[in-house]
Amino acid sequence: MPEEIITIERHILEQERAYPEATGVFTSLLYDIALAAKIIARETSRAGLVQILGLAGKTNIQGEAQMKLDVFANQTIIRMNFYTGRLAVMASEEEPDIIPIPEGYPTGRYVLVFDPLDGSSNIDANASIGTIFGIYRRRTSAGPGTVEDCLQPGRALAAAGYIIYGSSTMMVYTTGNGVHGFTLDPSVGEFLLSYPNIRIPAEPKYYSTNQGNEKYWSEGVRRFTRWLQGMDEENPRKPLSGRYIGSLVADFHRNLLEGGIFYYPLDYKDPSNPKGKLRLLYEAGPLAFIAEHAGGYASDGQRSILDIVPDILHQRTALFIGNRDLVEMAERFIARYG
Ligand code: AHM
Ligand code: MG
């Protein structure tokens, strides 16, 4: 049999057929996110040229300076979604408050939360960056969506995904029915199914963390790291290789395909006020949902990320994510040593 070529559009439609009551709204919403991803990918692939073209005197038609890529990505996702009648409200890592649907436009059943361009500090070094998104069903019944519609635990997600702008652009998503990866063929402008039914490999390869912060970690996290390195004499294991890009989507994606754990633990620089860095709603929640549907697990060190109900939009959390047995081991070290 020849191999099938499956576009993301076809794939999303096929998934919808599994739900006879589906209206198609959700399908269109996912497809619009894929379209926004293509527009953002086009700009990120030209990021390195901005300076050169700028030096050559090429400002845009309005004579404006080039827009920052994260702002561009944020605006692209908003412009693709505010008018369609599919969403009740949006929330973005780039915006301090919820993004309401402007007056005069219809509202819908879904809520979109997103980090438009994560890891943007890596752009100048040409390292991979990504977009992360989650889709919830609204909790309020009608009218404009509210902050309450956004403050839902990861477990309530209807779908989650990310786009990685790397050596190629990929989109990975799940609606709770397997995790599927698509690679953008830029010549035809389509995402083609390249990784159906991703499962995190049972045998992990990597641990990924910013070890430069070790000074500010808790005892439990330090001991857990020694264990991953095979240096815990009481409990020896084969050491894992260290890999860290400092771009969450890229670090997560590699470990999803190869097996391993990514962690960004609490920082105890101020011991009376330990702090997480990553955001629950836009980063940790959607990736935790994907990890679980690929057979993995995500924790804040004590409990499943998916069970945490956010109190505020920009809530930060510690994150341990990857192979279930490794993440549970982190929980055990933290329970024992803090
Ligand atoms: P950002 O939202 O400001 O881009 O920060 C998030 C990024 C993640 O992509 C990455 O996992 C983390 O920050 C890296 O932090 P650090 O540079 O402290 O290791
Ligand atoms: Mg971010």
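This briefing describes the nonpolar cores of a predicted model and the surroundings of its ligand 1. Local features need pLDDT of at least 70 and side-chain atom pairs count only at pLDDT 80 or more, while totals for chains, interfaces and linings use all residues. Residues are numbered from 1 along each chain as its sequence is written, and side-chain values use heavy atoms, with hydrogens and water left out.

**Nonpolar cores**

- The largest nonpolar core (buried Ala, Val, Leu, Ile, Met, Phe, Trp, Tyr and Cys residues joined through side-chain atoms within 4.5 Å, where buried means under 20% relative accessible area with a 1.4 Å probe, protein chains only) has 42 residues, and Tyr162, Phe252, Leu287, Ile290, Ile305, Leu319 and Ile321 touch the most other members.
- Helix H8, residues 280-293, gives the most to this core, with nine residues; helices are DSSP runs of H or I with at least four residues, numbered from the N terminus.
- Because domain 1 (8-195) and domain 2 (206-337) both give residues to this core, it lies between them, the bounds coming from an automatic or database domain assignment.
- Another core, of 37 residues, lies apart from it and has Ile78, Ile123, Phe133 and Phe182 among its members.

**Ligand 1**

- Around ligand 1 there are 13 residues (each with a heavy atom within 4 Å of it), of which Asp118, Asn210, Tyr244, Leu248 and Tyr264 come nearest.
- An oxygen atom of ligand 1 lies 2.5 Å from a side-chain N or O atom of Tyr244, and for Asn210 the corresponding distance to a ligand oxygen atom is 2.8 Å.
- A polar side-chain atom of Glu93 is 3.1 Å from an oxygen atom of ligand 1.

How values were computed
Chains lettered and ligands numbered in written order. Buried < 20%, exposed > 50% of the residue type's maximum accessible area, 1.4 Å probe, protein only. Helix = DSSP H or I, 4+ residues; strand = E, 2+ residues; numbered from the N terminus. Polar contact = N/O pair within 3.5 Å; in protein donor to acceptor, adjacent residues only side chain to side chain.
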